[in-house]
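Q: Hey, got a minute to walk me through this one? I'd like to get the basics first and then poke at a few spots.

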Amino acid sequence: IRPGAGGSEAGIFVGDLLRMYQAFCKRHSLPASLVKLDASPASKSTKSSHLDEIQEAILEIPHPGVYGVLKCEAGVHRVQRVPATETQGRTHTSAASVLVLPSFPDQGNDEGEKAFDDPTSDYHIPASDVRTDVMRARGAGGQHVNTTDSAIRLTHIPTSTIVAIQDARSQHKNRQKAWQVLRAKVALMRREAREEEKAKLRVSVVGVARMGRGDKVRTYNWGQQRVTDHRSGCTVNSLDDVLEGGQSLDEVMESVRGWQRERDVEALIADEEAAAKRGKEGR
């Protein structure tokens, strides 16, 4: 989860979304661990001094089938409210982006090793394509943070994708986690590139298109206590329950999964029509 447009308020909204997903996991008895939290104290103009501006938060939920439940959350989430940083009482619009990645077995697992070593796998990344930087961890954490070169930054050179992990005291653990996140990100980019090519073909045939993770997917309106998902059209007037990971969030997410299933059926039909069209052109 990362802040988008909106300055300090966007960073604060990232914290709201993080707590929402943590509460959702707790209510559904899903294991959730905070892999990375890059936060800084809110600006002096913030009314509530306890709020933090979060630059990036990574939440790992290692449970079978949970990707299918949460992948509907990917995209840009927009918030409309009077920010804690606002002194004139004006409503601002800010945003945060949510990226949902499928988790993959650690390299110690046989299945993971096969996928990592298979050049045809989305998770395969040659070591020569990655630059590794070792540095001292920064931020809070006591004397150890500033005296040990435990932080790891990996750069995937072909895509310029950067992953930096410093949460663990052990350099080995940080390196392992950084590789796990990097593989997931690169794999997603490869799948999205294929989906984009398919989407272009579908649009050329029957006009079927999908919303990508860069599209605005949901709006949280504080003044009206309303949450609206722009894909399914679902609106609930129980903002607090949504932010607490309650049943209202379940309702919104289920509506999006239904929308996604309909788009998948349309995509299958479009693929069949595209294949038929190519067959006629080849004759």
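A: Sure. One term to start with: two strands pair if DSSP finds at least two bridges between them. Also keep in mind that this is a predicted model.

Q: Okay, so which strands form an open sheet, and in what order?
A: Three strands do, in the order S6-S7-S8, and the pairing is antiparallel.

Q: Which ones are the edge strands?
A: Strand S6 (130–135) and strand S8 (161–165), each of which pairs on one side only. From one strand to the next, the twist averages 15°.

Q: How many bridges are there between S7 and S8?
A: Five bridges, in the antiparallel sense, with S7 covering residues 151–156. To pick out one pair, isoleucine 152 has isoleucine 165 in S8 as its bridge partner.

Q: Let's zoom out. How many helices and strands are in the protein chain?
A: Seven helices and 11 strands. The chain has 283 residues, and 40% of them count as buried.

Q: And what does the protein chain expose?
A: About 15300 Å², with carbon and sulfur atoms supplying 50% of that.

Q: What about contacts between residues that sit apart in sequence?
A: Take the contacts between residues at least 6 apart in sequence: 54% of them join residues at least 24 apart.

Q: Now the inside. Which residues touch the most other members in the largest nonpolar core?
A: Ile1, Leu17, Met20, Tyr220 and Val242, out of 32 residues in that core. Several elements supply at least two residues each, including helix H1 (8–27), strand S3 (52–60) and helix H7 (247–282). H1 gives the most, with eight residues.

Q: Why would residues like that group up?
A: As a general tendency, nonpolar side chains in soluble globular proteins tend to be buried together.

Q: Is there another core apart from that one, and which residues are among its members?
A: There is another, of 13 residues, and among them are Val35, Leu154, Ala178 and Val181.

Q: Back to the big list. What is tyrosine 220 in contact with, leaving aside its neighbours within four places in sequence?
A: Quite a list: Phe13, Leu17, Met20, His77, Arg78, Val79, Gln80, Arg226, Val227, Leu239, Val242 and Leu243.

Q: Valine 242 shows up there too. Where is its place, and is it buried or exposed?
A: Valine 242 is in helix H6. It counts as buried because its relative accessibility is 1%, and the cut-off for buried is under 20%.

Q: What is valine 242 in contact with, again leaving aside neighbours within four places in sequence?
A: Met20, Tyr220, Val227, Val236, Ser248 and Leu249. Valine 227 is 15 residues away along the chain, and the C-alpha atoms of valine 242 and valine 227 are separated by 7.9 Å.

Q: Switching topic: what's up with the phi of serine 29?
A: Serine 29 has a positive phi of about 55°, although it is not a glycine. You'll find serine 29 in the loop between H1 and strand S2 (33–41).

Q: Is serine 29 buried or exposed?
A: Exposed, with a relative accessible area of 61%.

Q: And serine 160, what is its phi and where is its place?
A: Serine 160 has a positive phi of about 60°, and it is not a glycine. Its place is in the loop between S7 and S8, so that takes us back to the strands we started with. Serine 160 is exposed, with a relative accessible area of 55%.

Methods: Residues numbered from 1 in each chain as written. Predicted model: local features only at pLDDT ≥ 70, side-chain atom pairs only at ≥ 80, totals over all residues. Heavy atoms only, no water. Helix = DSSP H or I, 4+ residues; strand = E, 2+ residues; numbered from the N terminus. Axes fitted to C-alpha atoms, helices over the stretch in contact; angles between N-to-C directions. Core = buried A, V, L, I, M, F, W, Y, C linked by side-chain atoms within 4.5 Å. Buried < 20%, exposed > 50% of the residue type's maximum accessible area, 1.4 Å probe, protein only. Contact = heavy atoms within 4.5 Å. Areas by Shrake-Rupley, 256 points an atom, 1.4 Å probe, with all protein chains shown as cover.
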